[in-house]
Amino acid sequence: MVTVNHDYLNLRGSYLFSEIAKRVAAYSAANPDKKIIRLGIGDVTQPLPTSVIEALHKAVDEQASAATFRGYAPDLGYDFLRNAIAEKDYQARGCDIRPDEIFVSDGAKSDSGNIQEIFGRDNRIAVCDPVYPVYVDTNIMGGRAGSFDEARGLWDGVIYMPCTAENGFAPELPAEVPDLIYLCFPNNPTGAAITKSALQEWVDYANRNGCVIIYDAAYEAYIAEDEVPHSIYECEGARTCAIELHSFSKNAGFTGLRLGYTVIPSDLIRDGVEIRSLWARRHGTKYNGAPYIVQRAGEAVYSEQGQKEVRQLVDYYMTNAASILAGLKAAGYSVSGGVNAPYIWLKTPDGMGSWEFFDHLLTKANVVGTPGVGFGPHGEGYFRLTAFGDHAATAEAMERIRRL
Ligand SMILES: Cc1ncc(COP(=O)(O)O)c(C=O)c1O
């Protein structure tokens, strides 16, 4: 008799975005004349950089001739891209990372979800609360989360690290020592960043206790402040305790194109095994390589022109972030994030719950955001707005919120 993987049956419904869509659809149906502005989702809105488009065209043309045609890509990524990443994202910042420690993939969502499967089922994971939901859901699939505690809204097998206004939305080192620690900075959803000295404490903790940090740096391009590190490998000792995830989605607009990479240094050894070799084995068995044309597009991001264009894209979105921050502050809201990240995290006014504020904003200002509680219990009473809209819509949304 066929049975299914019962760990999958433990998953909760993906309530957050479906509930948002349901409420927006119901409001739109009842109020067809209202123009709704969406500052809820984390997708980009601006077109790909010119240098990326040119690289795509060129690579497509190469596929039209037998002399330049490329079939299966190397499982772990083309050397031209791995070399560019090692040089520009790491060596240029003084980080000791080699091309053979870089694994090219179709994005950080897949890698952040898949990485858990190379670790034992009995590992204890620690995540921030609130958190990007992929880390927890994929560990539920992997049978590591235990049972869901309805009263607390938490999994009893997971160590939660509250991110609150009191700790500046940066978690404290957990008293109960986990095995795998998921950190994401700059953070989705809170928009918080971590200083190099604070991240060094995590690296020291992980090395002291034998933990592995899975460091999601998907929003690295948004870092504006000098004391915020662009990579965990800027910290001393990170080569022996950290895996780093990167995405081309938020810096260069590859959300539809799909490209990312994971770094696993050869010095990261647990249970007598080089973790890098397990990931290479997994990649080689289950993944046939990111498309050639997309990897050429990724390479173009590292050209001088590509870097300039990425900067312009990031600046475009961060202009929105600045206007959201300024607008909310002027309207009396308590806000954070939005300086090193494209997310603004606001405290809902007058003790409103996250969903109550969602309805308030939708019906009174016709603006859609994301209820903080959807990212975890400590997100209750908070709300996320994103800077990924276009300038005019974002300015209009802020004007409407100001008039509330
Ligand atoms: C923290 C975090 N990691 C990873 C991703 C996904 O990145 P990618 O598009 O490369 O899969 C997102 C997307 O919203 C994210 O917020």
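**Entry 1: Ile213**

I started with Ile213. Leaving out residues up to four places away in sequence, I found that Ile213 touches Ile181, Leu183, Trp202, Ala206, Ile232, Cys241 and Ala242. I note here that the model is predicted.

**Entry 2: The core**

Next I looked up the largest nonpolar core. It has 118 residues. Which residues have the most contacts inside it? I listed Val127, Tyr182, Ile213 and Ile214. So Ile213, my starting point, is on that list. I then checked which element gives the largest share of this core, and it is α11, with seven residues. Where does this core lie? Domain 1 (11-47 + 306-403) and domain 2 (52-304) both give residues to it, so the core lies between them.

**Entry 3: The two domains**

I followed up on the domains. The domain assignment splits the chain into domain 1 (11-47 + 306-403) and domain 2 (52-304). Their centres, taken over C-alpha atoms, are 25 Å apart. I looked at the contact between them: 32 residues come from domain 1 and 41 residues from domain 2.

I then stayed on the side of domain 1 that touches domain 2. There, α11 (304-330), β13 (335-337) and β14 (343-347) each supply at least two residues. Which of the elements gives the most? It is α11, with seven residues. I sorted this side by residue class and got 15 nonpolar, 13 polar and four charged.

**Entry 4: Strand β3**

Val127 from the core list sent me to β3. This strand covers residues 125-129 and is mostly covered, with five of its five residues buried. I checked which way the residues point. Ile125, Val127 and Asp129 point one way, while Ala126 and Cys128 point the other way. Buried or exposed? All are buried.

**Entry 5: Neighbours of β3**

I looked for the pairing partners of β3. With strand β6 (residues 158-162), β3 pairs in the parallel sense over five bridges. In β6, Pro162 is the bridge partner of Asp129. How many bridges join β3 to strand β7 (residues 180-184)? I found two, and these strands run parallel. Ala126 of β3 stands opposite Ile181 in β7. I had met Ile181 before, as one of the residues that Ile213 touches.

**Entry 6: The ligand**

Last, I turned to the ligand. There are 14 residues around it, and Gly107, Lys109, Asn188, Ser247 and Ser249 come nearest. Helix α5 (residues 108-114) gives the most to this shell, with three residues. By class, I noted four nonpolar, eight polar and two charged residues in the shell.

Conventions:
Residues numbered from 1 in each chain as written. Predicted model: local features only at pLDDT ≥ 70, side-chain atom pairs only at ≥ 80, totals over all residues. Buried ≥ 20, exposed ≤ 12 C-beta atoms within 10 Å, placed from the backbone. Helix = DSSP H or I, 4+ residues; strand = E, 2+ residues; numbered from the N terminus. Pairing = 2+ DSSP bridges. Domains from an automatic or database assignment. Contact = placed C-beta atoms within 7 Å. Nonpolar A, V, L, I, M, F, W, Y, C, P; charged D, E, K, R; others polar. Near = placed C-beta within 6 Å. Core = buried A, V, L, I, M, F, W, Y, C linked by C-beta atoms within 7 Å.
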